[in-house]
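I opened the notebook today to look up a helix, a strand and a single side chain. Here is what I wrote down as I went.

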Amino acid sequence: MMNTLKKLTIAIAFVCPSLAYSAYPEKSIRLVVPFATGGTSEIVARSVANSLSTSLGQSVYVDNKPGGAGNIAMEEVKRANPDGYTLILGHVGTLAVNPALFGKKLPYDPNKDFAPVTLVAKVPNVIAVSEKSNYKTLGDLIADAKKNPGKINYGSAGNGSAGHLAMEYFSSEAGIDLVHVPYKGSGPMLTDLIGGQIQATFNGLPSLMGQIKGGTLRPLAVGSAERSKALPNVPTLSESGYKGFETSQWYGIMVPAGTPQPIIDRLQKEIAKSLKSKEDSKRMLEDGAVLVGDTPDQFGAFIKSEQNRWGKVVEKAKITVD
């Protein structure tokens, strides 16, 4: 009898795969974030987790696993069971930049070890300084950096983070020499920036928005192609004399390779639906994120295009994680 039922289950799964996974999810789901708490990644992840918890009827919890420019978490998740109960927040750094930075030393293959679900959001990087800083414009910062090469510090959420890469990329374009100070997450970095221990940052807008609104940080320029709706009076870098310069962060949901397609499709459908809800996406929208919610194939093509773009940037700017 048991063998007959087993054969019947296998037959149903083969003929109609969606029926085999109709009960998904039957337990809580872990959403791994490859970075420390307090940054843009956590804002995006918690928004997705909260909306999925409601739509799927199971708890989706965020698990921060920082370290190694995101490599530690990516390596862990690639080995997780491909059953839809372990997700990871993919990021421009882990999916597009790290392959160029680490080469053969990268402990995972972003294209073979993971399957894309959907691109959740794009957020502009913003060059910001303390409100107490003497730098009133981007020109002030650049002028001082050229007068004092190697004496101005900028902070990021860590070696290989999006903020590190964005500022190194910009520094090479601007012809300036800034000193990188890596932190274990955006939180402690922002504390030192506000306190004057470091002079600047080039971080994702959502992680800065609270301090900008609160008057403790001054935005000098945004890295997106167009001005941010959240900061309409802040010029783009292209407007500031660096024509064509663009750098934004982006975040999407990935699963271990081999995860059944019906589960991937279910996750994509629910996330895309939540991104269309102003209530579900309120925090991300208020912090200047541009929401997407595309298909797995579209996200996969986007990742490959970004790998190509950032590979050229890393080579031209001679960016390293040392």
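**Entry 1: a helix with two sides.** I am working with a predicted model. I began with the outward face of α12, the one turned away from its buried side, and found the exposed residues Asp 297, Lys 304, Lys 312, Glu 315 and Lys 316 there.

Next I listed what is buried in α12: Pro 296, Phe 299, Gly 300, Phe 302, Ile 303, Glu 306, Gln 307, Trp 310, Val 313, Val 314 and Ala 317. I then looked up how they are spread around the axis: they cover an arc of only 150°, so they sit on the same side of α12.

What do these buried residues pack against? I noted α5 (92–102), β4 (114–130), α7 (162–174), β9 and α10 (261–275).

I also checked the dimensions of α12, which runs over residues 296–317. Its 22 residues reach 31 Å from first C-alpha to last, close to the 32 Å expected at 1.5 Å a residue. Just after α12 comes Lys 318, and I jotted down its positive phi, near 55°.

**Entry 2: a covered strand.** I moved on to β3, residues 86–91, and asked how many of its residues are buried. I got six of six, so to speak a clean sweep.

Both faces of β3 are covered. On one side I found Thr 86, Ile 88 and Gly 90, and on the other Leu 87, Leu 89 and His 91, all buried.

Then I looked up the strands that pair with β3. Strand β1 (residues 29–33) pairs with β3 in the parallel sense, over three bridges. Strand β9 (residues 248–256) pairs with β3 in the antiparallel sense, over four bridges.

Ile 88 turned up in both pairings: it is the bridge partner of Val 32, and it stands opposite Met 254 in β9. I also recalled β9 from the first entry, where it is among the elements that the buried residues of α12 pack against.

**Entry 3: one asparagine.** Last, I turned to Asn 64, which lies in strand β2 (residues 60–64). Is Asn 64 buried or exposed? Its relative accessible area is 19%, and the cut-off for buried is under 20%, so Asn 64 counts as buried.

Where does the side chain of Asn 64 reach? I found it at 2.9 Å from the backbone oxygen of Phe 35. Leaving out residues up to four places away in sequence, I listed what Asn 64 touches: Val 33, Phe 35, Ala 36, Thr 37, Glu 42 and Arg 46.

Note on methods: Residues numbered from 1 in each chain as written. Predicted model: local features only at pLDDT ≥ 70, side-chain atom pairs only at ≥ 80, totals over all residues. Heavy atoms only, no water. Helix = DSSP H or I, 4+ residues; strand = E, 2+ residues; numbered from the N terminus. Buried < 20%, exposed > 50% of the residue type's maximum accessible area, 1.4 Å probe, protein only. Polar contact = N/O pair within 3.5 Å; in protein donor to acceptor, adjacent residues only side chain to side chain. Contact = heavy atoms within 4.5 Å. Pairing = 2+ DSSP bridges. Expected span 1.5 Å × (residues − 1). Arc of directions from axis to C-beta.
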